[in-house]
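Me: I have a new structure open and would like to learn how to read it. Could you take me through some of the features?

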Amino acid sequence: MSERLNYNHIAPAGAKALGGVYGYVMQSGLPATLVTLAYLRVSQINNCAYCLDMHTRDLLKGGVKVEKLALLQAWAEAGDLFDERERAALAWAETVTRVAETNVPDEAYQAARKVFSERELVDLTIAISLMNAYNRMSISFRNTPQAALDKAA
């Protein structure tokens with residue numbers, strides 16, 4: 001797979017705008033690990049190799065155990081490996097990412113609201129939306145994952 005074009009160079013103002021949203025999410029008060037787990041789950045659903053590679057590396061650098069990352073796709077069956085807020089964030093990430101299929105049902109909203117304040121839920125939804133946008137950019141223009149670049153070197 002080779003890169004089709006570098007959208008960061010072609011539309012730097014657009015890339016900067018996405019970066020501004022990323023900056024907002026990172027200062028929102030949501031734990032960085034929780035947000036990055038949601039980013040990774042969204043990227044799994046969307047099959048974005050570039051983002052899967054990046055967020056896996058970020059989580060490993062942040063001290064998340066490889067066993068937890070290995071079970072992220074099956075988080076609902078992983079018992080207490082994921083805490084209550086992580087499970088709620090992952091469930092919300094899945095239903096929001098699959099909005100065309102799920103229509104984000106009331107039950108999903110109510111479950112998320114039991115765990116997150118209104119502000120946290122809005123910020124989490126912004127994060128999920130951002131990752132869906134980044135996934136679509138990376139997949140559409142064929143960003144090369146770092147692992148593939150490392151192998152080629």
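Reply: Happy to! Let's begin with burial in one helix: the buried residues of H4 are Cys51, Asp53, His55 and Leu59. Please keep in mind that this is a predicted model.

Me: How many residues does helix H4 have, and what span does it reach from its first C-alpha to its last?

Reply: Helix H4 covers residues 49-61, which is 13 residues. Its end-to-end reach is 18 Å, close to the 18 Å expected at 1.5 Å a residue. Just after H4 comes glycine 63, with a positive phi of about 95 degrees.

Me: What is the usual sign of phi in residues other than glycine?

Reply: Most residues other than glycine have a negative phi. With that in mind, look at asparagine 47, where phi is near 60 degrees, a positive value in a residue other than glycine. Asparagine 47 sits in the loop between H3 and H4. Valine 104 also departs from that pattern: its phi is positive, about 40 degrees, although it is not a glycine. You will find valine 104 in the loop between helix H7 (99-102) and H8.

Me: Is asparagine 47 buried or exposed? And how accessible is valine 104?

Reply: The idea is to compare the relative accessible area with two cut-offs: under 20% is buried, over 50% is exposed, and values in between are partly exposed. Asparagine 47 has 64%, so it is exposed. Valine 104 has 22%, so it is partly exposed.

Me: Let's try a charged residue. Where is aspartate 123 found, and is it buried or exposed?

Reply: Aspartate 123 is found in helix H9. Its relative accessibility is 1%, so it counts as buried. Leaving aside neighbours within four places in sequence, aspartate 123 is in contact with Tyr24, Val25, Ser28 and Leu30.

Me: Which helix holds glutamate 86, and what is its relative accessible area?

Reply: Glutamate 86 has its place in helix H6. With a relative accessible area of 9%, glutamate 86 is buried. Setting aside neighbours within four places in sequence, its contacts are Leu34, Leu37, Lys68 and Leu81.

Me: Leucine 81 is in that list. Where does leucine 81 lie?

Reply: Leucine 81 lies in the loop between helix H5 (66-70) and helix H6 (84-97). Its relative accessible area is 35%, so leucine 81 is partly exposed. Apart from neighbours within four places in sequence, leucine 81 touches Glu67, Lys68, Leu71 and Glu86. You can also set separation in sequence beside separation in space: leucine 81 and glutamine 110 are 29 residues apart along the chain and 23 Å apart, C-alpha to C-alpha.

Me: Now for pairs of helices. At what angle do the axes of H3 and H9 cross?

Reply: For a pair like this, look at the approach of the axes, the angle and then the residues that meet. The axes of helix H3 (residues 32-46) and helix H9 (residues 118-140) come within 9 Å and cross at roughly 40 degrees. The two are therefore oblique to each other. H3 passes H9 in a right-handed crossing. On the H3 side, the residues that meet H9 are Val35, Ala38, Tyr39, Val42, Ser43 and Asn46. Their partners in H9 include Leu124, Ala127, Ile128 and Met131. Sorted by class, the contact of H3 with H9 has 10 nonpolar, four polar and one charged residues.

Me: How do I read H6 and H9 in the same steps?

Reply: The axes of H6 and H9 come within 10 Å and cross at roughly 50 degrees. H6 and H9 are therefore oblique to each other. Their crossing is right-handed. In this contact, Arg85, Ala89, Trp92, Ala93, Val96 and Thr97 of H6 meet Glu120, Leu121, Leu124, Thr125, Ile128 and Asn132 of H9. Those residues divide into seven nonpolar, three polar and two charged.

Me: And which residues make the contact between H8 and H9?

Reply: Let's take the axes before the residues. The axes of helix H8 (residues 106-115) and H9 come within 8 Å and cross at roughly 120 degrees. That angle makes H8 oblique to H9. The crossing of H8 and H9 is right-handed. The contact is made by Tyr109, Ala112, Arg113 and Val115 of H8 and by Glu118, Glu120 and Leu121 of H9. By class, the contact of H8 with H9 has four nonpolar, no polar and three charged residues.

Notes. Residues are numbered from 1 along each chain as its sequence is written. This is a predicted model: local features need pLDDT of at least 70, side-chain atom pairs count only at pLDDT 80 or more; totals for chains, interfaces and linings use all residues. Side-chain values use heavy atoms; hydrogens and water are left out. Axes are lines fitted to C-alpha atoms, for helices over the stretch in contact, and angles run from 0 to 180 degrees between N-to-C directions. Helices (H or I, at least four residues) and strands (E, at least two) are DSSP runs, numbered from the N terminus. Angles under 35 degrees count as roughly parallel, over 145 as roughly antiparallel, 65 to 115 as roughly perpendicular and the rest as oblique. A crossing is left-handed if the near helix is turned anticlockwise from the far one by less than a right angle, and right-handed if clockwise. Contact means heavy atoms within 4.5 Å. Ala, Val, Leu, Ile, Met, Phe, Trp, Tyr, Cys and Pro count as nonpolar, Asp, Glu, Lys and Arg as charged, and the others, Gly among them, as polar. The expected span of a helix is 1.5 Å times one less than its number of residues. Buried means under 20% relative accessible area, exposed over 50%, partly exposed in between (1.4 Å probe, protein chains only).
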